[in-house]
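Visitor: I'm new to this structure and would like a close look at one part of it. Could you take me through the aromatic rings and what lies around them?

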Amino acid sequence: MKKLFFLVALAAMPFYALNAQNLDSTLMIFDSIENSFEYQTGIIELDQGNAILTVPTGFRYLDPEQANFVLSDLWGNPRDEDILGLLVPENKGVLAADSWVFTINYDEMGYVDDEDAQDIDYDDLLKDQKKDTKEASKQRQKLGYESIELIGWAAEPYYDQNHKVLHWAKELNFGGDSLNTLNYNLRVLGRKGIFLLNAVASMSELPEVEQNIDKVITSVEFAEGSRYSDFDPDVDEVAAWTVGGLVAGKVLAKAGFFAFLAKFWKIIAIAIAGVGGSIWKFIRGGKKEEEVSE
């Protein structure tokens, strides 16, 4: 797939040329990109972790190559060569005004001890997280990315003892933007590592994301021999981090905590900032109305 150079072209388009034909052409490009994706449903054999993904009802799956195109070329994030794919809501594409996705990764960090799961003071943990985020923000800016601020919990951490799944959500702000970003994290624990499923969304999409958490939690299943219950203390490696460490974000490099949080509309906003607000309003609002009427 080609990179999204048309966004730059939009920025160069004279304001007087923004007639109905131009708008129609822009939407045709959006539709062309969306129609180029090869979505999958059903059972997906994941490349890592000895597990399968059963695509939940209401979602579609994009493979790693297409996932990187969405996250990097369309949404402006760094590439992740280890990503295993995306879960995309079936009722909206990746270029919809209210689009959001779950990213899928695996980290073979070893067996994560969950004995501390019920003893964590999440208020203290949040304070530490805010300090860590400030330091991470400095590094992001040195690399040319936007600053980042942790506002607080969007959903307090919760460990599902039965399914061996940890989930929590954070409200983040990038570059002083007026709209905050949602980072909803799921960690599926296995014998030799964890699956990381992160929702890339805005805070306004939190209710919709939460409605789908139960389905997504059960979508990844380790094969027999790789499940959490298959742990053998005599031969298996124990991870350096406990459940509390996962929430604390001490494995950010592999967890992708900061890598996938920029939303594509920021790039569009920058690209068309010089050509007036009418097209921006059209893309953010009129496009949605058009989709509803179809």
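Visitor: To start with, how many aromatic pairs does the structure hold?

Guide: What you have in front of you is a predicted model, and it holds 9 aromatic pairs. Let's pick one of them, Tyr111 with Phe231. The ring centres of Tyr111 and Phe231 sit 3.6 Å apart and their planes make an angle of 15 degrees, so this pair counts as stacked, the cut-off being under 30 degrees. The two partners come from distant parts of the chain, 120 residues apart. Tyr111 is in the loop that runs between strand S5 (101-107) and helix H4 (122-142), while Phe231 belongs to the loop between S10 and helix H6 (243-248). Tyr111 is also buried, because its relative accessibility is 13% and the cut-off for buried is under 20%.

Another group of rings worth finding is an aromatic cluster made up of Phe37, Tyr39 and Phe69. Follow Phe69 and you land in helix H3, where it is one of the buried residues. H3 covers residues 64-74, and 9 of its 11 residues are buried, so the helix is largely enclosed by the rest of the structure. Besides Phe69, the buried set includes Val70, Leu71 and Leu74, but also Gln66, Asn68, Ser72 and Asp73. Just past the end of H3 comes Gly76, with a positive phi of about 80 degrees.

Now back to S10, the strand before the loop that carries Phe231. S10 (220-222) helps to line the second largest pocket, as does strand S8 (181-189), each with at least two residues. S10 gives the most to that lining, with 3 residues. The pocket has about 260 Å³ of space and 13 lining residues, and those nearest its centre are His163, Val188, Val220, Glu221 and Phe222. Sorted by class, the lining has 7 nonpolar residues, 3 polar ones and 3 charged ones.

To put all this in its setting, step back to the whole chain, which has 9 helices and 10 strands. Of its 294 residues, 53% are buried. The link between Tyr111 and Phe231 spans a long stretch of sequence; across the chain, residues 24 or more positions apart make up 65% of the contacts with a separation of 6 or more. As for the outside, the accessible surface is about 14300 Å², and carbon and sulfur atoms account for 49% of it.

Technical notes: Residues numbered from 1 in each chain as written. Predicted model: local features only at pLDDT ≥ 70, side-chain atom pairs only at ≥ 80, totals over all residues. Heavy atoms only, no water. Helix = DSSP H or I, 4+ residues; strand = E, 2+ residues; numbered from the N terminus. Buried < 20%, exposed > 50% of the residue type's maximum accessible area, 1.4 Å probe, protein only. Contact = heavy atoms within 4.5 Å. Areas by Shrake-Rupley, 256 points an atom, 1.4 Å probe, with all protein chains shown as cover. 1 Å grid on protein atoms, 1.4 Å probe; cavity = no way out; pocket = protein on both sides within 12 Å on 5 of 7 lines; lining within 4 Å. Points joined across faces, edges and corners; volume = space filled by probe spheres on them. Nonpolar A, V, L, I, M, F, W, Y, C, P; charged D, E, K, R; others polar. Phe/Tyr/Trp six-rings, centres within 6.5 Å; stacked < 30°, edge-to-face > 60°.
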